[in-house]
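Me: Got a structure I'd like to go through with you. Can we take it piece by piece?

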Amino acid sequence: MTVQTERPPSGPTEVSKVSVEGKGKPSASRGGALLPYLLMLPAIGVTIVVLGWPLFNNFLLSFQNLNMRQLIQRLTEWNGVDNYKEILTGSDFWRVAGRSLVFTGVNVLLIMVLGLLVGLLLARLGKRMRFALMIALVFAWAMPVIASTTVYQWLFAQRFGVVNWVLAQIGFEGMADYNWFSSQFSTFFVIILLIVWQSIPFVAIYVYSATTTIPKELYEAASLDGAGTWRSFTSVTLPFLKPFLLATTFLEIIWVFKALPQVLAINQGGPDRLTEILPVYAYVEGIGNQHYGMGAAIAILTIVILLFITTFHLRIVLKQEKDER
């Protein structure tokens with residue numbers, strides 16, 4: 001006797017069913033891949049309008065001879081690369097560029113070292129002290145640039161400045177009437193102190209946030225291996241913080257390099273234009289001396305220098321990522 005069983009479904013039917021159910025998936029995946037770019041379009045559009053268009057106009061202006069006469073008469077006088085030739089063949093631009101690089105390097109070094117120390121201090125403090133210190137850091141960070149610059153002008157004022165009064169009270173009587181803005185070194189000292197004070201909160205809070213993500217098991221393993229505080233820092237904390245420090249250093253380089261408000265508000269780049277950095281140099285030549293084409297060319301060259309620094313930094317970051325793989 002034969003026993004009848006159910007007939008298994010045919011292969012083509014299953015294949016066709018799968019193919020029917022799979023319809024539309026490639027297009028859906030393509031739509032999902034395009035979605036991030038579509039979401040970025042508004043931000044890209046705003047960036048082009050707010051930054052790209054003025055930058056393009058500034059680039060065109062750098063090839064023009066535009067002074068007050070041309071501005072009043074609405075004349076457009078193209079002079080080719082004459083502005084760039086005059087700038088690059090002169091000594092003023094290279095002197096200011098070198099000063100800007102040294103100024104940026106000193107500021108960024110102090111900001112990163114002190115910011116790292118304050119960030120590590122935040123990680124060690126108790127909750128109440130940490131909260132109080134973070135509130136103070138946020139207040140210092142949130143203070144407007146011009147407002148904090150004005151406060152520093154009051155602090156270091158020649159006749160009624162708090163700094164001179166304190167120095168005189170502790171025995172430095174010769175500093176009672178000292179003019180901090182009379183020399184290049186002392187003016188730069190005040191400006192660097194101001195910029196470091198403004199920048200430390202960002203680095204400290206960023207470093208503290210990064211330390212909270214370090215697994216505690218790593219420190220326990222290091223202590224079992226006999227590592228002390230310094231060795232735990234160099235073998236656990238610092239390698240883990242390295243990507244964060246590189247990113248923060250890059251942001252601080254850009255922020256310090258274009259520190260126009262602080263330098264201009266403190267002493268207008270004086271005395272005798274000895275504290276001018278590239279943004280201030282472009283402003284003084286363009287707006288102050290009414291050589292608008294020259295100022296635009298200096299601004300474009302400043303952007304080129306920043307792009308070079310950015311490229312160098314990105315190469316370091318990419319090399320680090322390659323080594324970690």
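Reply: Sure. This is a predicted model. Start with threonine 302: its relative accessible area is 9%, under the 20% cut-off, so threonine 302 is buried.

Me: Which helix is threonine 302 in?
Reply: Threonine 302 lies in α14, residues 292–324.

Me: What does the side chain of threonine 302 reach?
Reply: The backbone oxygen of isoleucine 298, at 2.8 Å.

Me: And leaving aside neighbours within four places in sequence, what is threonine 302 in contact with?
Reply: Phe257 and Leu278.

Me: Switching to α11. How far apart are its end C-alpha atoms?
Reply: Only 35 Å, for 29 residues (229–257). A straight helix would reach 42 Å at 1.5 Å a residue.

Me: Where does the kink in α11 lie?
Reply: At lysine 242, shortly before proline 243. The kink is about 50°.

Me: What about α9, where does that one bend?
Reply: At serine 199, by about 35°. Proline 201 follows within four residues. End to end, though, α9 (residues 184–211) reaches 39 Å, close to the 40 Å expected.

Me: How many residues of α9 are buried?
Reply: 20 of 28, so α9 is mostly covered.

Me: Now α12. Which residues are buried there?
Reply: Gln262, Val263, Ile266 and Asn267, in a helix running from 260 to 267. Seen down the axis of α12, they fall within an arc of 90°, so they line one face.

Me: What covers them?
Reply: The cover includes α5, α7, α9, α11 and α13.

Me: And what follows α12?
Reply: Glutamine 268, with a positive phi near 55°.

Methods:
Residues numbered from 1 in each chain as written. Predicted model: local features only at pLDDT ≥ 70, side-chain atom pairs only at ≥ 80, totals over all residues. Heavy atoms only, no water. Helix = DSSP H or I, 4+ residues; strand = E, 2+ residues; numbered from the N terminus. Expected span 1.5 Å × (residues − 1). Bend = angle between axes of the 7 residues up to and from the residue. Buried < 20%, exposed > 50% of the residue type's maximum accessible area, 1.4 Å probe, protein only. Arc of directions from axis to C-beta. Contact = heavy atoms within 4.5 Å. Polar contact = N/O pair within 3.5 Å; in protein donor to acceptor, adjacent residues only side chain to side chain.
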